[in-house]
Amino acid sequence: MELREAVRRRRMVRRFDPSRPVAPGLVDSLLALAVRAPSAGFSQGWDFVVLDDPADRGLFWEAATETGRRDAWLQGVSAAPVLVVCLSDPEAYLERYALPDKGWTDRSLDRWPIPYWDTDVAMAAMILLLGAEDAGIGGLFFGVPAGRHDAVREALGVPDGRRVVGVVALGHEARRTSGSARTRRRRPLAEVVHHGRFGVSSWSRSGRL
């Protein structure tokens with residue numbers, strides 16, 4: 001599949017078919033693509049916990065689910081046969097940028113107004129989603145509720161210092177459901193692309209707006 005087609009076709013899948021497993025080896029091949037994502041200083045401060053065993057996924061959902069929640073979203077997503085928990089490691093970046101070629105020996109977080117450890121992991125997750133589309137399976141990126149991060153880390157044996165950026169669910173779509181895109185318009189390029197300074201659009205300047 002061409003990249004443009006994969007980008008245009010990709011949708012977040014919210015209802016997975018538990019009877020259709022993901023082909024053996026496919027997750028590893030998708031992760032091999034994901035780690036080709038860019039990372040600041042080639043720090044590669046990411047880890048991915050693959051949950052393809054029902055017992056492991058059960059531990060995750062028990063740890064990640066807010067008390068009393070049993071809605072249609074949870075039922076549909078928890079049917080996914082594979083979860084990939086995407087973790088970032090800020091310490092890897094502080095260590096990398098303290099090396100001689102970078103020289104930030106103070107290891108101060110103030111030098112990082114944007115947490116690139118999370119940004120880089122998010123880019124890797126995007127490659128996972130596009131790779132899933134290319135492979136003919138569905139994918140969904142979702143977050144762990146704020147109050148459940150510690151429980152998830154403990155359940156999965158995640159070391160201290162790692163951050164749970166999000167989770168990619170993978171599997172075959174059971175049925176199509178609509179998300180926010182059904183009720184919200186996609187912002188046009190003339191509204192979101194600015195040339196030279198904020199508020200100047202090439203479409204308006206060229207008379208094509």
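In this predicted model, the second largest pocket is bordered by residues from several stretches of the chain: Arg-9, Arg-10, Arg-11, Val-13 and Arg-20, then Glu-133, Gly-136, Ile-137 and Gly-138, and finally His-172, Glu-173 and Arg-176. The space inside this pocket amounts to about 180 Å³. Its lining has a marked charged component, with seven charged residues set beside three polar and two nonpolar ones. Among the charged residues of the lining are Arg-9, Arg-20, Glu-173 and Arg-176.

Some of these names return in an enclosed space. Rolling a probe the size of a water molecule over the atoms shows where empty space is left. The structure holds one cavity of 30 Å³ or more, and the volume of the largest cavity is about 40 Å³. Around the largest cavity lie Arg-10, Arg-11, Leu-129, Ala-132, Glu-133, Ile-137, Gly-138 and Gly-139. Helix H6 and strand S3 (138-142) are the elements that supply two or more residues to this lining, and H6 provides the largest share, with three residues. By class, the lining of the largest cavity comprises three nonpolar, two polar and three charged residues. Arg-10, Arg-11, Glu-133, Ile-137 and Gly-138 appear in the lining of the second largest pocket as well as in that of the largest cavity.

Helix H6 also takes part in the surroundings of helix H2. In H2 (residues 26-34), the buried residues are Leu-26, Val-27, Leu-30, Leu-31 and Ala-34. These residues sit on the same side of H2, because they cover an arc of only 130 degrees around the axis. The spacing fits a general rule: an α-helix has 3.6 residues a turn, so residues three or four places apart point the same way. The cover over the buried residues of H2 includes H6 (116-135), together with strand S1 (46-51), strand S2 (82-88) and strand S4 (163-171).

Turning to the chain as a whole, nine helices and four strands are present, and their order along the sequence is α-α-β-α-α-β-α-α-β-α-β-α-α. The C-alpha trace spans about 55 × 50 × 35 Å along its principal axes. Of the 209 residues, 38% count as buried. Among contacts with a separation of 6 or more, 79% involve residues 24 or more positions apart. The accessible surface of the chain comes to about 12500 Å², and carbon and sulfur atoms account for 50% of that surface.

Note on methods. Residues numbered from 1 in each chain as written. Predicted model: local features only at pLDDT ≥ 70, side-chain atom pairs only at ≥ 80, totals over all residues. Heavy atoms only, no water. 1 Å grid on protein atoms, 1.4 Å probe; cavity = no way out; pocket = protein on both sides within 12 Å on 5 of 7 lines; lining within 4 Å. Points joined across faces, edges and corners; volume = space filled by probe spheres on them. Buried < 20%, exposed > 50% of the residue type's maximum accessible area, 1.4 Å probe, protein only. Contact = heavy atoms within 4.5 Å. Areas by Shrake-Rupley, 256 points an atom, 1.4 Å probe, with all protein chains shown as cover. Arc of directions from axis to C-beta.
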